[in-house]
Amino acid sequence: MLLSGHERASIERAADALAAGDLVAFPTETVYGLGARADSDAAVAGIFALKGRPSDHPLIVHVAHPLDAHAFASRWPDVARRLTESLWPGPLTVIVPRSPGMAAAAAGGQDTIGLRCPSHPVATSLLVAARDRGVPGVAAPSANRFGRISPTRAAHVVDEFGGDLLVIDGGDCQVGIESAIVDCSGAHPVLLRPGQLGRERLEAVAGVALGAPDEHSPRASGTLEAHYAPRARLRLMPPAMLNTALQMLGGSALKLAVYSRSVPLPPGSPLRWRVMPVDPDRAAHELFSTLRELDAEGPDLIWVEEPPQLPAWDGVRDRLSRAAAA
Ligand code: TXA
Ligand code: MG
């Protein structure tokens with residue numbers, strides 16, 4: 001059922017549902033989340049069941065206020081302090097050592113926990129109302145089935161899970177791709193996933209270089225190669241290659257969709273075509289809804305022009321290369 005994020009009564013109703021151990025999908029500035037109270041293993045089990053996600057894949061716990069995050073941590077490393085002091089509330093998740101006994105199921109049994117204080121006003125209202133009902137934090141992965149594209153609109157969530165789920169409608173998510181994740185639990189911080197916040201900005205704020213994930217990094221489904229997948233096969237191509245491929249298509253019967261920045265479609269082409277914004281933040285904002293729209297038309301293939309190799313494009317490049325690897 002869809003609830004309006006602008007109505008106080010909706011927020012109260014959703015907070016009651018969370019307190020009772022039910023699932024609620026809600027908007028954040030990045031993507032919609034599928035939430036359950038983080039301190040209830042039974043409630044959290046509902047998320048894994050509905051998403052079809054393996055229960056050892058840890059979830060992010062969302063809190064109303066930056067200080068609320070500390071209850072879940074056994075230690076708050078300096079890097080986490082620097083990052084969260086400047087960037088919370090906002091599109092950043094930090095992984096820190098978990099306080100024993102806190103949110104074990106949400107953490108997928110790991111001895112660390114992912115924490116985020118979102119900035120979306122509807123998310124904040126919901127988290128505050130839930131906290132007033134004794135909910136210390138809300139575990140929430142992106143509100144999509146395991147391995148599929150994250151939702152950036154309430155309608156996407158309904159497409160994923162149908163009309164029975166409580167969904168708070170807060171309009172389009174402004175950022176459009178998931179939070180950046182920095183693992184601060186080890187000796188050296190590691191950038192597990194770039195978001196709107198890319199490596200450059202995060203390193204400037206953290207004051208240290210961030211490592212890249214390796215085989216010892218914690219398991220993170222958002223960092224699996226095959227993720228964010230549309231149903232059609234997605235192929236990422238440099239501009240020149242895409243241009244050549246399009247010229248060579250001729251009268252091919254291939255059902256093709258194209259998402260390009262600089263490469264124009266050949267004249268008279270019957271293909272479905274969308275233009276990627278030149279601004280990286282706008283491109284991120286539209287990315288998932290565009291992929292959903294292109295995919296909905298049932299193409300065999302989606303050809304996407306590779307974004308520039310610039311730091312501001314880290315997040316979009318990351319999501320597109322994972323979608324292409326699926
Ligand atoms: O923007 C976002 O982060 C959205 C909104 C709803 O907050 N959430 C989101 O959740 O993208 P999800 O579950 O789709 O992706 C979170 C990623 C997963 O890859 C998960 O494995 C990783 O964070 N993660 C969570 N806790 C972790 C932990 N303790 N150690 C390592 N990775 C963790
Ligand atoms: Mg996800």
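**View 1. Pro136 sits partly exposed in a loop.** Welcome to the first close-up: Pro136 has a relative accessible area of 29%, which counts as partly exposed. Here buried means under 20% relative accessible area, exposed means over 50%, and partly exposed is anything in between, using a 1.4 Å probe and protein chains only. This is a predicted model in which local features need pLDDT of at least 70 and side-chain atom pairs count only at pLDDT 80 or more, while totals for chains, interfaces and linings use all residues. Residues are numbered from 1 along each chain as its sequence is written, chains are lettered from A and ligands numbered from 1 in the order in which they are written, and side-chain values use heavy atoms, leaving out hydrogens and water. The loop that holds Pro136 runs between helix H4 (121-132) and strand E7 (138-139); helices (H or I, at least four residues) and strands (E, at least two) are DSSP runs numbered from the N terminus. From the C-alpha of Pro136 to that of Pro100 is 15 Å, with their positions 36 residues apart along the chain.

**View 2. Glu7 lies just where a strand gives way to a helix.** Look for Glu7 in the loop between strand E1 (2-4) and helix H1 (8-19). Its relative accessibility is 47%, so Glu7 is partly exposed. Glu7 and Val122 are 115 residues apart along the chain, and their C-alpha atoms are separated by 9.7 Å.

**View 3. A cis peptide bond links Trp88 to Pro89**. Omega for this bond is about -5°. Pro89 belongs to the loop between helix H3 (78-87) and strand E5 (92-97). As a reminder, most peptide bonds are trans, and most residues other than glycine have a negative phi.

**View 4. Two buried alanines, Ala103 and Ala106, share a view.** Ala103 is found in the loop between E5 and strand E6 (112-116), and Ala106 is in the loop between E5 and E6 as well. Phi of Ala103 is near 50°, a positive value in a residue other than glycine. Ala103 counts as buried because its relative accessibility is 7%, and Ala106 is buried because its value is 0%. The C-alpha of Ala106 is 8.6 Å from that of Ala140, 34 residues apart in sequence.

**View 5. Helix H8 carries a kink of about 45°, centred on Leu287**. The bend at a residue is the angle between axes fitted to the seven residues ending there and the seven starting there. H8 (residues 280-296) has 17 residues, and from first C-alpha to last it reaches 24 Å, close to the 24 Å expected at 1.5 Å a residue; the expected span is 1.5 Å times one less than the number of residues. Of the 17 residues in H8, 13 are buried, leaving the helix mostly covered. Just after H8 comes Gly298, with a positive phi of about 70°.

**View 6. The second largest cavity has about 60 Å³ of space**. A search of the whole structure finds three cavities of 30 Å³ or more. On a 1 Å grid over the protein atoms alone, a cavity is a set of points where a 1.4 Å probe fits but cannot get out, and lining residues have an atom within 4 Å of a point. Grid points are joined across faces, edges and corners, and the volume is the space filled by probe spheres set on the points. Residues lining the second largest cavity include Val175, Gln196, Asp281, Ala284 and Trp313. H8 and helix H9 (314-325) are the elements that give two or more residues to this lining, and H8 gives the most, with three. Seven of the lining residues are nonpolar, three polar and one charged; Ala, Val, Leu, Ile, Met, Phe, Trp, Tyr, Cys and Pro count as nonpolar, Asp, Glu, Lys and Arg as charged, and the others, Gly among them, as polar.

**View 7. Two aspartates, Asp281 in H8 and Asp318 in H9, complete the set.** Asp281 is partly exposed because its relative accessible area is 40%. Its C-alpha is 7.1 Å from that of Val175, 106 residues apart along the chain. Asp318, in turn, is buried because its relative accessible area is 13%. A polar contact of 2.5 Å joins the side chains of Asp318 and Arg322. Such a contact is a pair of N or O atoms within 3.5 Å; within protein, one must be able to donate a hydrogen and the other to accept it, and residues adjacent in sequence count only if both atoms are side-chain atoms.

Conventions. On a 1 Å grid over the protein atoms alone, a cavity is a set of points where a 1.4 Å probe fits but cannot get out, and a pocket is an open set with protein on both sides within 12 Å along at least five of seven lines; lining residues have an atom within 4 Å of a point.
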